[in-house]
Amino acid sequence: MMQAPAFTLSQLAERLGATLRGAADQLISGLATLQEAGPDQLSFLANPQYRKYLSDCRAGAVLLTAADADSYSGNALVVANPYLAYAQLSHLFDRKPQAAAGVHATAWVADDAQVDTSASVGAYAVIEGGARIGAGVTVGAHCVIGARSLIGEGGWLAPRVTLYHDVRIGKRVVIQSGAVIGGEGFGFANEKGVWQKIAQIGGVVIGDDVEIGANTTIDRGALADTLIGNGVKLDNQIMIAHNVQIGDNTAMAGCAGISGSTKIGKNCMIAGGVGMVGHIEVCDGVFVTGMTMVTRSITEPGSYSSGTAMQPAGEWRKSAARIRQLDDMARRLQQLEKQLAAVTSSGNASSDA
Amino acid sequence: MMQAPAFTLSQLAERLGATLRGAADQLISGLATLQEAGPDQLSFLANPQYRKYLSDCRAGAVLLTAADADSYSGNALVVANPYLAYAQLSHLFDRKPQAAAGVHATAWVADDAQVDTSASVGAYAVIEGGARIGAGVTVGAHCVIGARSLIGEGGWLAPRVTLYHDVRIGKRVVIQSGAVIGGEGFGFANEKGVWQKIAQIGGVVIGDDVEIGANTTIDRGALADTLIGNGVKLDNQIMIAHNVQIGDNTAMAGCAGISGSTKIGKNCMIAGGVGMVGHIEVCDGVFVTGMTMVTRSITEPGSYSSGTAMQPAGEWRKSAARIRQLDDMARRLQQLEKQLAAVTSSGNASSDA
Amino acid sequence: MMQAPAFTLSQLAERLGATLRGAADQLISGLATLQEAGPDQLSFLANPQYRKYLSDCRAGAVLLTAADADSYSGNALVVANPYLAYAQLSHLFDRKPQAAAGVHATAWVADDAQVDTSASVGAYAVIEGGARIGAGVTVGAHCVIGARSLIGEGGWLAPRVTLYHDVRIGKRVVIQSGAVIGGEGFGFANEKGVWQKIAQIGGVVIGDDVEIGANTTIDRGALADTLIGNGVKLDNQIMIAHNVQIGDNTAMAGCAGISGSTKIGKNCMIAGGVGMVGHIEVCDGVFVTGMTMVTRSITEPGSYSSGTAMQPAGEWRKSAARIRQLDDMARRLQQLEKQLAAVTSSGNASSDA
């Protein structure tokens, strides 16, 4: 059985540069929410709506702002940003197995591929000709790394990831299982009703510190490369079509789909299920709410939405039917305004008389 | 060539506890719809709109309710619920290969993993340290079972399924190809515009008799576990984020996406393409229609919908433009009501005069 | 380092049957857009909105219609359809590795499987009993080909594709990584709140010249087969449920989801994120715009849409609230019309008086 790691509060305070209030030698062996944390666990208060749970909290210690710490009598680590402090400490308690350096006996590596001696290549992984695997990289079991593809230092690929040929991945990139990078985009020319395939001769270039979710697909470029900026975070089941460009530090939630050649700016947040048509541009600093259909470029930072609010199905059927009558309703409304104006003026005339 | 299995009608009647009308020794070697069934096939009538096909049906026999059997002259197996009877018999005619017990010569099993002797582990499968594979389990070719993960007895994993570490699967669970269970959820803390990764230290717990569709992803918990109840059925391409909880016997159709920490009750039906925001609760017995955007908790059982009805694109463009004018229209409507009330009262005054 | 292939303009002209204007011996070693092409690259003008880039174009040559060539002074290949000509030439410059014929030493092939001697089977691929792999087929690394499944001549499967048992694939079919063909569809009969699995005993039949995108899933039929016609093109992350039928040369973009037993005609275009309910029919020649919810059959060719247009989130919240009031607004509008008619007639009466 694997022993959980444990740290004293003073060790954790030192690691964070936090102010320690309470028992410096309290042992912490895990993290949990305010409601669930026990005496050997650390918790945190980031969302004000959970402040109510602080009074009954049984945690061994809590990450708090100075303001919140004043009203808390238990052990506390006082920091400027408790959520960020939690993020930093979370890695201490991660039970994700660390792969040993070296190439697994069952992996297949092409003669002219280069694998750094500090990298780990898992069982049955395939590294094709000309590929290069950087220092400290983990290539999970069953990954396939295509010809001439590169993975920068410190990368971590879960089992069962596919990189096609000529995919260039930056440093410290995390790719979850089932992701497919560099697949052939949806390019066809129509010849008298029959679709003729267009070879997709571009590649994919992915920056540093990117994360790519499970079963997400990023297609290679048709001519130039598909580009994913530094610090971009993509959730699961996302579809990035050929020649999309995504700016630095943009985050995109699950099931979003971005059509070909669309360019998204930096520091955007694209919520789950959003769809974007192709060949548009979204500027920096845009937030698109869940399931929004983006059919035109966005040139101003801010929040954008589409769709209708959920209703009980019976009421919804009425609303949906009325929407189809909306153009007629608008015309009738305009007609009423004219008629009423005529009545009012004739009424005025009449009252004048 | 593989011989199709064949059963006499009396054998099938006995298996179902059905009343047999007609030729007891009729041989049945397959199942088909009422329109397509031939003399050696069994069919069924479940949906009343297909009753019209009964008169010309050429099936060797039909599963019918007593009421429908009265008006049918062919061979029949009379049961209370023909659709359920069809479900029960369908397994007799399934040509899905049965894996032999034992570990394939090419599979890689860690020394401290436990594989029951009655389990089957397919070609190139990887079973990591501390994992336990129960009695009668099938682990398909190319599956990767992470460290300390458990699969309860009678489970069936198609080829190419990933379980990360610390995933606990109940009994008789079916997982289709490409599914990823236990991936690292989308957890990041924003530090001055840069996303810092939060280690996802929870696991996934899946109940008994669950089915998980092809390329569906279920993320591990951030702190506590992601929880899937007994008898839950998840279709293909579904995205279940970290710390979601799904109650017993809830069914969810393809391409649905559930955001983090949302809790869905028991016996719900979530149709295809539905999206739910995070941190909400859906009570037991809720039906959400296809592509609905669920942005708030649902506290009453019943059916819920959002979205607009499909129109020819030209009409739709008008409706969509009008929706953007709706707030203005509502104000003008209110204004008209006031004006008309004034006119009417002045008109009344005038008629009084 | 791999040498890029190079062709003279006259070679390319001959290959296309194009009229060459300019330097016949100009060497072309790649393709690029009008803005990005350099002196050794060929470009093309297909979309009129890019005509403005022609004047500053530095390409070694451009694929042009006769009309556009008249106003262009550089080297040109004059063709009837520049986009189609580009599609044809694109394959000359594709750096996708060509797999050598033969079965990789690490692949596992059942004794009774048939692999044509001209086919290529990649590392760790699994070919199960009774499967047949046709002439010139490439089966990528880590593919799993189920029992009795067939792949017609000239097919190309990327790494990590799953075919279940009894899947029949036509000629020249391309399947991208992560696709799953023949998974068990979502079929359950409800017995007192508990879902009983229905064995999915149909197969999948896929025509010639089909393309299937990365992580797309096509379920096997419940009774009869799921059918994909000739020349159908499916993008990434698409979900095709059991017993769907798709007609010849229909194209479907990413993230679309088609529910069970729905039948789509020939030469349709289904845009990204479209969802269709089950058991409906869509006739030939239908175009469905992105993210449309198709809840009923379509019997007339043409374009169809649903959804609302994106707005800034503040305005959207007002629109969404008003939509929920629409039925009430419609009634009030009707009421106003009645009242105004009464006022007008009484006004008339009054003016008559």
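These are my notebook entries on a contact between two chains and on some strand pairings.

**Entry 1: the model**

I am working from a predicted model. I kept that in mind throughout.

**Entry 2: chain C against chain B**

I looked up the size of the contact first. Chain C gives 78 residues and chain B gives 76 residues. The two chains bury about 6,300 Å² between them. Carbon and sulfur atoms carry 63% of that area. I then asked which residues of chain C lose the most area to chain B. They are Phe186(C), Trp195(C) and Leu223(C), together 11% of what that side buries.

**Entry 3: polar terms**

I counted charges next. There are 5 salt bridges between chain C and chain B. I opened one of them, Glu184(C) with Lys96(B). The closest N and O atoms of this pair are 2.5 Å apart. For polar contacts I found 32 residue pairs between the two chains, with both residues at pLDDT 80 or more.

I also checked which elements of chain C are involved. The ones supplying at least two residues each to the side that touches chain B include strands S21 (180–183), S22 (188–191) and S23 (194–197), and helices H4 (313–324) and H5 (326–352). H5(C) has the largest share, 8 residues. By class, this side of chain C divides into 40 nonpolar, 26 polar and 12 charged residues.

**Entry 4: a strand pair across the contact**

I looked for strand pairing between the chains. Strand S40 (residues 311–312) of chain B pairs with S39(C) in the antiparallel sense, over 2 bridges. Gln311(B) stands opposite Ser305(C).

**Entry 5: a hairpin in chain A**

I moved to S22 (residues 188–191) and S23 (residues 194–197) of chain A. They pair in the antiparallel sense over 4 bridges. Glu191(A) has Val194(A) as its bridge partner. The two strands form a hairpin with 2 residues between them. In the turn, Lys192(A) has a positive phi of about 55°.

Which residues of S23(A) are on the covered face? I read off Trp195(A) and Lys197(A). Val194(A) and Gln196(A) are on the uncovered face. Side chains in a regular strand alternate between the two faces of the sheet.

**Entry 6: an open sheet in chain B**

I traced a sheet of 5 strands in chain B. The order is S2-S7-S6-S5-S4, the sheet is open and the pairing is mixed. Why do S2 (19–21) and S4 (30–31) each have one side without a neighbour in the sheet? Both stand at the edges with a single partner strand, so one side of each is left free of a neighbour there.

Inside the sheet, I checked S6 (residues 61–64) and S7 (residues 76–78) of chain B. They run parallel and are joined by 3 bridges. Leu64(B) has Val78(B) in S7(B) as its bridge partner.

Methods:
Residues numbered from 1 in each chain as written. Chains lettered and ligands numbered in written order. Predicted model: local features only at pLDDT ≥ 70, side-chain atom pairs only at ≥ 80, totals over all residues. Heavy atoms only, no water. Contact = heavy atoms within 4.5 Å. Buried area = accessible area lost by both parts, 1.4 Å probe. Salt bridge = Lys/Arg side-chain N within 4 Å of Asp/Glu carboxyl O. Polar contact = N/O pair within 3.5 Å; in protein donor to acceptor, adjacent residues only side chain to side chain. Nonpolar A, V, L, I, M, F, W, Y, C, P; charged D, E, K, R; others polar. Pairing = 2+ DSSP bridges. Buried < 20%, exposed > 50% of the residue type's maximum accessible area, 1.4 Å probe, protein only.
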